[in-house]
Amino acid sequence: MTEQLTDIVANLTTGENKTKEAVFVEAIDNLESSELSLLLESLPIAERWERWQQVAQDSQIAVLVHMRSDARQSILEQFSDESLHDLLKDAHADDLIELADTLPDSVVDAVLESMDDRQKQYYDQVTQYGNDQIGHYLDRSFKMFPETARVQDALRAIRKGIAPYTNHIYLVKRGVLTGIVDIDQLYQAESSVVLKSLMLDNLVSIQAGSDLLNATEKMEHCGFSSLPVVDDNNFLIGRLTLRTALELTRMNYESKLMATAGLNENEDLFAPVMRSSKRRATWLGINLLTAFLASWTIGLFEATLEKVVALAVLMPIVASMGGIAGSQTLTLIIRGIATGHISSGNIRNLLSKELGVGVINGILWALVIGLAAGLWFQSQMIGIVIASAIAINILAAALAGVLIPILLNRFKIDPALSGSVILTTVTDVVGFVTFLGLGTYLLL
């Protein structure tokens with residue numbers, strides 16, 4: 001959030017109600033709808049609803065579209081079906097696509113009924129693609145011409161106005177994309193020239209069924225500000241703009257960040273306590289099971305711990321070193337999977353490299369920690385035990401850090417969501433079994 005929005009939030013959450021109303025009126029005048037939506041998301045739910053009622057009705061749909069689904073839901077819950085119908089009576093298909101997941105089915109159906117056939121067709125076309133496919137995020141504001149049209153026809157249409165991120169026009173033959181023409185070329189060509197003769201040599205397009213990562217990467221490397229999107233039959237159905245690609249990249253980053261804690265990027269900061277508690281309970285339960293597993297492992301060596309108290313003191317070091325080493329590898333591999341750098345052809349080399357790193361760091365830190373522990377407890381054998389455990393656990397962490405995300409990805413499970421939990425369990429169990437097992441064998 002910008003410093004300006006931070007100041008506005010501070011003013012809206014303190015002071016008299018009349019002052020808040022004046023502050024928000026000024027915000028409405030100075031902020032775009034996307035910024036206004038972020039401002040509303042930053043307010044507690046009661047305050048959010050108070051300020052929402054100040055938003056002009058002709059701006060409300062645009063603000064709702066930019067809000068995260070949970071925050072949007074907190075506002076829409078205050079509406080009756082009748083008032084929702086009134087709010088959405090002039091909504092376009094683009095708006096309904098964004099809002100549909102937070103609206104009752106009856107309201108969605110009623111809004112669709114009020115749309116013309118072209119809008120309905122566009123809605124049906126886009127909603128056949130999932131939220132993880134680029135076809136769900138199409139932009140329809142592009143210029144399209146038959147390939148037999150002439151330069152003068154294109155220029156006439158362009159003079160009426162073009163949307164942002166429009167550097168090209170698209171040529172079609174019976175709806176099928178056949179070429180792209182740079183707008184700059186139109187101004188240099190004779191007005192009678194056929195557009196087909198001006199097509200770029202390389203026709204770059206995106207399949208609507210492509211996943212978001214592949215589509216945004218293609219956008220990143222194409223050198224254009226937008227790319228045409230086609231269906232399986234190569235029919236032109238929309239375009240992907242640079243702005244949308246950046247938004248999707250940010251959403252993907254936020255999703256991965258939130259997933260590491262078992263959360264959803266759409267979660268409302270001020271969601272009701274019970275709703276937030278339910279969502280987080282599952283993740284806490286999974287962590288509890290893994291904690292019990294680690295505790296059960298320690299319990300197997302209860303007799304050893306009673307006799308050699310030094311092992312209990314040193315146990316957290318073994319788990320911590322393995323966990324950190326594994327997390328470094330895990331993060332690297334997850335990034336590699338996300339960016340498409342990891343394939344079946346380079347997994348073996350990658351595994352060898354990470355095991356090599358594990359061996360070097362394992363030996364280095366085993367010597368350091370073994371020496372320190374031996375001097376601390378005046379026992380050479382305790383130093384040997386923890387040094388051996390550290391070396392083995394760091395090596396196991398490197399192995400797990402590579403294999404866990406690759407296996408999860410192969411089974412269509414997001415490694416960012418569950419990889420860290422599994423890794424922590426592996427390093428804890430391996431570390432404790434190795435450390436306490438060696439302690440039992442060598443010290444008793």
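Let's start at the second largest pocket, where α8 (93–99), α10 (117–127) and β6 (236–241) each put at least two residues into the lining. Keep in mind as you look around that this is a predicted model.

How much space does that pocket hold? About 470 Å³. Its lining is made up of 20 residues, and if you want to find the middle of it on screen, pick out Arg-118, Tyr-122, Arg-140, Phe-142 and Ile-237, which lie nearest the centre. Of the elements around the pocket, α10 gives the largest share of the lining, with 5 residues. As for the chemistry of that lining, the count by class is 9 nonpolar, 7 polar and 4 charged residues.

From the pocket, follow β6 into its sheet. This is an open sheet of 3 strands, with mixed pairing and the order β4-β5-β6. The edges are taken by β4 (206–207) and β6, each of which pairs on one side only. So β6 has two roles to keep track of here: an edge strand of the sheet, and a supplier of at least two residues to the pocket lining.

Now step over to the other edge. Strand β4 runs parallel to β5 (residues 226–230), and 2 bridges join them. To see how these strands line up, click on Ile-206, which stands opposite Val-229 in β5. A helix belongs in this picture too: α13 (residues 212–222) lies across β4, β5 and β6, and it runs at about 140° to β5.

Finally, travel along the chain to a pair of loops with some backbone geometry worth a look. Which residue has a positive phi of about 50° although it is not a glycine? That's Gln-378, and you'll find it in the loop between α18 (347–376) and α19 (380–410). Is Gln-378 buried or exposed? Its relative accessible area is 68%, so it counts as exposed, the cut-off being over 50%.

At the other end of α19 comes another loop, leading to α20 (415–443), and that is the place of Lys-412. Lys-412 isn't a glycine either, but has a positive phi of about 60°. Lys-412 is also exposed, because its relative accessibility is 76% and the cut-off is over 50%. Put the two loops together and you have α19 with a loop on each side, Gln-378 sitting in one and Lys-412 in the other.

Methods: Residues are numbered from 1 along each chain as its sequence is written. This is a predicted model: local features need pLDDT of at least 70, side-chain atom pairs count only at pLDDT 80 or more; totals for chains, interfaces and linings use all residues. Side-chain values use heavy atoms; hydrogens and water are left out. Helices (H or I, at least four residues) and strands (E, at least two) are DSSP runs, numbered from the N terminus. Buried means under 20% relative accessible area, exposed over 50%, partly exposed in between (1.4 Å probe, protein chains only). On a 1 Å grid over the protein atoms alone, a cavity is a set of points where a 1.4 Å probe fits but cannot get out, and a pocket is an open set with protein on both sides within 12 Å along at least five of seven lines; lining residues have an atom within 4 Å of a point. Grid points are joined across faces, edges and corners, and a volume is the space filled by probe spheres set on the points. Ala, Val, Leu, Ile, Met, Phe, Trp, Tyr, Cys and Pro count as nonpolar, Asp, Glu, Lys and Arg as charged, and the others, Gly among them, as polar. Two strands pair if DSSP finds at least two bridges between them. Contact means heavy atoms within 4.5 Å. Axes are lines fitted to C-alpha atoms, for helices over the stretch in contact, and angles run from 0 to 180 degrees between N-to-C directions.
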